[in-house]
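Subject: A structure for you to look at

Hi there,

I am handing over a structure that I have been reading through, and I would like you to have it too. Please open it first, and then read my notes beside it.

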Amino acid sequence: SNSLVMEGGSVKTTLIKRISQTLIEKYPDIFTEDFEANKKIVNELLVVDSKKIKDQVAGYITRLKRQS
């Protein structure tokens, strides 16, 4: 399915959120409010070719961390 490539598609947003929440549940203590640091961690944990998806996941995780 190419719906993940769609710009502004809600499918992608849901995917980003689901991946982010899964990572935070699995590794609650390794993420911080530092986006650059989170990006490096996501890069090592996620087996995804798309840099964009990884950056979005890192960004979402950073947002969640800043809220809590």
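Below is what was found, from the whole chain down to single residues.

**How far to trust it**

Please keep in mind that this is a predicted model. The mean pLDDT of the chain is 87, and 84% of its residues reach 70 or more. Among the elements, α2 has the highest mean pLDDT, 97, while α1 has the lowest, 89. Where pLDDT is low, the predicted coordinates should not be read in detail.

**The overall picture**

What is the chain built from? There are three helices and zero strands, and the pattern along the sequence reads α-α-α. The chain has 68 residues, of which 32% count as buried. Its accessible surface comes to about 4700 Å², and carbon and sulfur atoms account for 53% of that. If you take the contacts between residues at least 6 apart in sequence, 49% of them join residues at least 24 apart.

**Helix α3**

Helix α3 covers residues 51–67. You can check its length yourself: at 1.5 Å a residue, its 17 residues should span 24 Å, and the end C-alpha atoms are indeed 24 Å apart, so the two values agree. The N-terminal end of α3 is capped by serine 50, which has a side-chain oxygen 3.3 Å from the backbone nitrogen of lysine 52.

Which residues of α3 are buried? They are Ile53, Lys54, Val57, Ala58, Tyr60, Ile61, Thr62 and Lys65.

**Two salt bridges**

How many salt bridges are there? The count comes to two.

One joins lysine 39 to glutamate 36, with the closest N and O atoms 3.6 Å apart. Both residues lie in helix α2 (residues 35–45), three residues apart, which is about one turn of the helix. Lysine 39 is partly exposed because its relative accessibility, 23%, is not under the 20% that would make it buried. Glutamate 36 is also partly exposed, at 43% relative accessibility.

The other joins lysine 51 to aspartate 55, and here the closest N and O atoms are 2.8 Å apart. These two residues are four apart in helix α3, so about one helical turn separates them. Is lysine 51 buried or exposed? With a relative accessible area of 55%, lysine 51 is exposed, since the cut-off for that word is over 50%. Aspartate 55 is partly exposed, with a relative accessible area of 22%.

The spacing in both pairs is worth a moment of your time. An α-helix has 3.6 residues a turn, so residues three or four places apart point the same way.

**Where α2 and α3 meet**

Two buried residues are good places to start here. Asparagine 38 is found in helix α2 and has a relative accessible area of 0%, so it counts as buried. Threonine 62 is found in helix α3, and at 2% relative accessibility threonine 62 is buried as well.

What does each of them touch, leaving aside neighbours within four places in sequence? Asparagine 38 is in contact with Phe31, Thr32, Ala58, Ile61 and Thr62. Threonine 62 is in contact with Thr32, Glu33, Asp34, Phe35 and Asn38. As you can see, asparagine 38 and threonine 62 appear in each other's lists.

**Glutamate 33, in a loop**

Where is glutamate 33? It lies in the loop between α1 (10–26) and α2, and at 46% relative accessibility glutamate 33 counts as partly exposed. With the same neighbours set aside, glutamate 33 is in contact with Thr62, Lys65 and Arg66.

Two distances from this residue are useful for comparing sequence with space. The C-alpha atoms of glutamate 33 and leucine 64 are separated by 8.4 Å, although their places lie 31 residues apart along the chain as a sequence separation. Serine 68 is 35 residues from glutamate 33 in sequence, with 9.9 Å between their C-alpha atoms. Serine 68 sits in the segment after α3 and is exposed, at 75% relative accessibility.

A good way in is to find glutamate 33 in the viewer and look for its contacts with Thr62, Lys65 and Arg66. Have fun with it!

Best wishes

Terms used. Residues numbered from 1 in each chain as written. Predicted model: local features only at pLDDT ≥ 70, side-chain atom pairs only at ≥ 80, totals over all residues. Heavy atoms only, no water. Salt bridge = Lys/Arg side-chain N within 4 Å of Asp/Glu carboxyl O. Buried < 20%, exposed > 50% of the residue type's maximum accessible area, 1.4 Å probe, protein only. Contact = heavy atoms within 4.5 Å. Areas by Shrake-Rupley, 256 points an atom, 1.4 Å probe, with all protein chains shown as cover. Expected span 1.5 Å × (residues − 1). Polar contact = N/O pair within 3.5 Å; in protein donor to acceptor, adjacent residues only side chain to side chain. pLDDT = per-residue confidence, 0-100.
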